[in-house]
Amino acid sequence: MLAILLSTYNGENYLREQLDSIFSQTFKDFILYVRDDGSLDNTVNILYEYEKEHANFAIINDNQKRKGASGSFMCLLEKVEADYYMFCDQDDIWFSSKIQTSLNAIQAEELRSKDMPILVHTDLIVTDNNLNVISKSLWKNNNTNPYIITRKYLKFVNYITGCTMLFNRITRDLAILDSKNIIMHDFWVGVCVDSVKGIIITLPIPTIYYRQHSNNVIGASKSHRFPTLVRYFHVPDFRYSIDLYNMIKHKYSMNFFQYLMLRIRFYLKSL
């Protein structure tokens with residue numbers, strides 16, 4: 001069984017379009033699990049409406065509000081048991097073949113790689129709030145092409161976008177077993193796979209319309225006054241730098257000098 005995990009928060013503007021795109025998938029054998037993170041608008045009413053219409057729709061009520069995006073997705077991941085998992089944002093549009101495309105890739109790899117954590121991810125088409133295309137590739141838009149950055153530097157630049165991910169049960173178990181120093185749920189899952197030399201499959205095709213609007217938690221890169229410092233050294237966001245180092249140190253047993261040298265090499269590689 002495949003589980004789609006959706007965390008909502010004040011998503012009434014675009015939620016119906018996203019839900020309709022999910023239930024229009026060519027692959028039908030899934031359950032959509034939804035946790036609302038304390039919405040104050042009409043989001044919850046929309047969710048109950050869809051729950052009545054679809055047998056494979058389940059609302060998770062845990063009476064815990066405002067965990068934030070990462071905490072809410074990790075809560076879903078811990079509560080749901082399935083063979084495969086996908087994260088879903090509340091405001092995108094999924095291509096009708098999205099599930100089947102990624103599922104084909106992971107199942108083909110499972111024939112070669114038994115009992116391995118496996119993660120599949122794809123590119124995205126970036127749009128504005130009205131679905132007008134801004135960029136045909138998020139990777140190009142953000143200069144985060146995984147074929148250029150390579151897995152060596154995944155620990156610094158998270159090029160795996162959560163809403164394109166599909167991963168197996170082994171990956172899920174790794175992520176919930178050891179969940180210290182999480183920055184974002186998708187970054188964490190990617191690092192968990194990478195740190196144990198699991199398999200990451202990168203599909204150079206888009207599978208969703210990635211909608212950008214004023215309420216995005218994380219989105220396409222915006223311009224900065226000092227882009228080099230922001231991109232390569234996370235300056236002046238020192239809190240993020242500290243959190244990132246703690247996560248990397250924990251998962252890769254890397255001391256600060258090793259961390260700094262690898263980060264400098266990543267910067268020099270990108271010149």
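Which residues do ring pairs link into a cluster? In this predicted model, the cluster is made up of Y153, F156, Y245, F256, Y259 and F266.

## Aromatic pairs

Across the whole structure, a search finds 13 aromatic pairs. One of them joins F95 and Y209 in an edge-to-face arrangement, with 4.9 Å from centre to centre and 65° between the planes. This pair connects distant parts of the chain, since the two residues are 114 residues apart. F95 sits in the loop between β5 (93–94) and α4 (98–112), while Y209 belongs to strand β9 (residues 199–211). Y209 has a relative accessibility of 31%, so it counts as partly exposed.

The pair of F256 and Y259 is tilted, because the ring centres are 6.2 Å apart and the planes stand at 35°; a tilted pair has planes that are neither under 30 degrees apart nor over 60. Both residues lie in helix α11 (residues 256–269), where they are 3 residues apart, or about one turn of the helix. Is Y259 buried or exposed? Y259 is buried, because its relative accessibility is 6% and the cut-off for buried is under 20%. F256 has a relative accessible area of 47% and is therefore partly exposed.

## Charges over rings

Two lysines sit over aromatic rings. K98 lies over the face of W94, and the distance to the ring centre is 4.0 Å. K155 has its charged end over the ring of Y252, at 4.5 Å from the centre of that ring.

## The nonpolar cores

How many residues does the largest nonpolar core have? This core has 41 residues. The residues with the most contacts inside it are L5, L77, Y85, F87, L119, F167 and M247. At least two core residues come from each of β1 (2–8), α3 (68–79), β4 (84–88), α8 (185–195), α10 (238–252) and α11. Helix α8 provides the largest share, 6 residues. In soluble globular proteins, nonpolar side chains tend to be buried together.

F87 shows what the surroundings of one such residue look like. Not counting residues up to four places away in sequence, F87 touches L5, F73, L77, W94, G162, C163, M165, F167, H185 and V189. Apart from the largest core lies another core, of 36 residues, which includes I4, L6, I106 and Y210.

## Helix α3

Helix α3 has 12 residues, so at 1.5 Å a residue it should span 16 Å. The expected span uses one less than the number of residues. The end C-alpha atoms of α3 are 17 Å apart, which agrees with the expected value.

Which residues of α3 are buried? They are S70, S72, F73, M74, C75, L76 and L77. These buried residues pack against β1, β2 (30–36), β4, β8 (166–168), α7 (169–177) and α8.

## Loop residues

S96 is found in the loop between β5 and α4. With a relative accessibility of 39%, S96 counts as partly exposed. S96 and F23 are 73 residues apart along the chain, and their C-alpha atoms are separated by 8.7 Å. When residues up to four places away in sequence are not counted, S96 touches S24, Q25 and T26.

L131 is in the loop between β6 (118–127) and β7 (133–135). Its phi is positive, about 70°, although L131 is not a glycine. L131 is partly exposed, because its relative accessible area is 28%. N143 also has a positive phi, near 55°, and is a residue other than glycine. N143 is found in the loop between α5 (138–142) and α6 (146–149).

## P204 in strand β9

Is P204, a residue of strand β9, buried or exposed? P204 is exposed, because its relative accessible area is 53% and the cut-off for exposed is over 50%. Leaving aside neighbours within four places in sequence, P204 is in contact with W139 and Y147. P204 and N13 are 191 residues apart along the chain, and the distance between their C-alpha atoms is 30 Å.

Definitions and conventions:
Residues numbered from 1 in each chain as written. Predicted model: local features only at pLDDT ≥ 70, side-chain atom pairs only at ≥ 80, totals over all residues. Heavy atoms only, no water. Phe/Tyr/Trp six-rings, centres within 6.5 Å; stacked < 30°, edge-to-face > 60°. Helix = DSSP H or I, 4+ residues; strand = E, 2+ residues; numbered from the N terminus. Buried < 20%, exposed > 50% of the residue type's maximum accessible area, 1.4 Å probe, protein only. Lys NZ or Arg CZ within 6 Å of the ring centre and 35° of its normal. Core = buried A, V, L, I, M, F, W, Y, C linked by side-chain atoms within 4.5 Å. Contact = heavy atoms within 4.5 Å.
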